[in-house]
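Visitor: I would like a close look at one part of this protein, namely how its inside is packed. Please take me through it slowly, as I am new to this.

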Amino acid sequence: MTTTLHTEWTVGDICKGFLYDKNEDKGLFGLGGKLIIQPEYQRNYIYGDGKKDVAVVDSLLKGYPLGLIYFVKNADGMYEVLDGQQRITSFARFVNMSWKFPVVRNGKTHYFNSLSPDEQKKITESPLTIYVCEGEPSEIQEWFETINIAGVPLVRQELRNASYHGSFVTLARARFSNTGNANMTRWKTYVRGDPKRQAVLETALDWVSGGDIDGYMALHRHDGDIEGLTRHFDAVIDWIDAVFEYTGKEVCGLDWGRLYRAYHGKAYNREDVARRVEQLLGDPQVTDARGIFEYILGGEQDTKLLNIRVFDDRTKKAVWQAQTNAAKAANKSNCPLCALESGNNARRLYKFGEMDADHVTAWSRGGMTDASNCQMLCKTHNRAKGNR
């Protein structure tokens, strides 16, 4: 791989022919049509928050350097932004007025066309430090991962998009990373994260691949369609909607791909499920509401998913003391189950630390977590009871 340093290009040069796509939030072209600002594998524009984009312009007005920028020169003579896309998109949007955002100068708000001619010139004539690299795709991708450590680091899926860029990534990003997609609101009910940072795409790939995203992307890299990915993702979303009526925050980000694989072959009554979800969400004993959905799917067997509220130390000590006082008077063990036996432990008085709290009536049968439903058992009997 070879690299060439360019210091003759200015902000104004890069802004020539700048085109910005508001629907996809990305800069497309610059440098008089010779520069591809948003390659298919790059992230969408994320500086448009009124802070980072303004900071780029402020830096130019103050004469501060913007740092190194990296381009790739393709075989057809076109350049692609390898690193610096966010900065370029910010200053080009400002200069070309493609999406207005103001900066504050001397206490007043200004857009590019309201700056003084000297200030406009200071921006457009600012020199840039740009390295252009040429080489094999594998070399360029490896370098991309190495240099992209400043600013806003790439997330794992963005790096995958770079490593496996091709027709599949282009099509997948167009569907799953486009915030203008009409399905995005529905998808984000169940998928956590920013689509612009590839969260929805990563989730779709995780679901269809069973966790082997890299393997799936390598296999399908040059596919001319994403039918398998789309079909599986839609199937999971449709299955969730068919089983669960509830769409509150607790369902967002659950491992729905795994749950689909485990339970989509079972039949559920949506009305019964909705009623049970409501009951469990309102149960003060349930302290992990996010576990409710897998608990129901699994036939309500694994109560650990709900993290049922445990007895507090004050309650446990009070119950232990009452049991111990009664056991002394009866000359029996303070473990109710040991007291029923005839062995050596039938009269043993256990210390507080040797006993565990137990629900007399199990939570699954309606028992509450309060003193009236608490008993202290020796650890051996408590473990045995819990295993039944």
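Guide: Let's start with a useful word: a residue is buried if its relative accessible area is under 20%, exposed if over 50% and partly exposed in between, using a 1.4 Å probe and protein chains only. You are looking at a predicted model, where local features need pLDDT of at least 70 and side-chain atom pairs count only at pLDDT 80 or more, while totals for chains, interfaces and linings use all residues. Residues are numbered from 1 along each chain as its sequence is written, and side-chain values use heavy atoms, without hydrogens or water.

Now to the core. The largest nonpolar core (buried Ala, Val, Leu, Ile, Met, Phe, Trp, Tyr and Cys joined through side-chain atoms within 4.5 Å) has 44 residues. Find F176, L229, F233, W239, F244 and W256, since these touch the most other members. At least two residues each come from α7 (167-176), α8 (184-187), α9 (199-209), α10 (213-220), α11 (227-243), α12 (256-263), α13 (270-281) and α14 (292-297); helices (H or I, at least four residues) and strands (E, at least two) are DSSP runs numbered from the N terminus. The biggest giver is α11, with 7 residues.

Zoom in on F176. Beyond its neighbours within four places in sequence, F176 is in contact (heavy atoms within 4.5 Å) with M184, W187, P195, V200, L201, A204, I226, L229, T230 and F233. There is also a second, separate core of 32 residues, with W9, V11, Y20 and L115 among them.

Next, see how α11 meets its partners. The angle between α7 and α11 is about 30 degrees and their axes are 11 Å apart; axes are lines fitted to C-alpha atoms, for helices over the stretch in contact, with angles from 0 to 180 degrees between N-to-C directions. This makes α7 roughly parallel to α11 (under 35 degrees; over 145 is roughly antiparallel, 65 to 115 roughly perpendicular, the rest oblique). From α7, F168, A172, R175 and F176 meet L229, T230, F233 and D234 of α11. That contact has 5 nonpolar, 1 polar and 2 charged residues, counting Ala, Val, Leu, Ile, Met, Phe, Trp, Tyr, Cys and Pro as nonpolar, Asp, Glu, Lys and Arg as charged, and the others, Gly among them, as polar.

Turn to α9, which packs against α11 at about 90 degrees, with axes 9 Å apart. Those two helices are therefore roughly perpendicular. Here V200, L201, A204, L205, W207 and V208 of α9 meet G228, L229, H232, F233, V236 and I237 of α11. The contact of α9 with α11 has 10 nonpolar, 2 polar and no charged residues.

Finally, look at the rings. The whole structure has 18 aromatic pairs, meaning Phe, Tyr or Trp rings (six-membered for Trp) with centres within 6.5 Å; planes under 30 degrees apart are stacked, over 60 edge-to-face, the rest tilted. W9 and F71 make a tilted pair, 5.9 Å centre to centre with 35 degrees between planes. W9 sits in the loop between β1 (2-6) and α1 (11-15), and F71 in strand β5 (residues 69-73), 62 residues apart. Both W9 and F71 are buried. F71 also pairs with Y79: their centres are 6.3 Å apart and their planes at 45 degrees, so this pair is tilted. The relative accessible area is 0% for F71 and 12% for Y79, which is therefore buried. One aromatic cluster is formed by Y190, W239, F244, Y246, W256, Y260 and F293.
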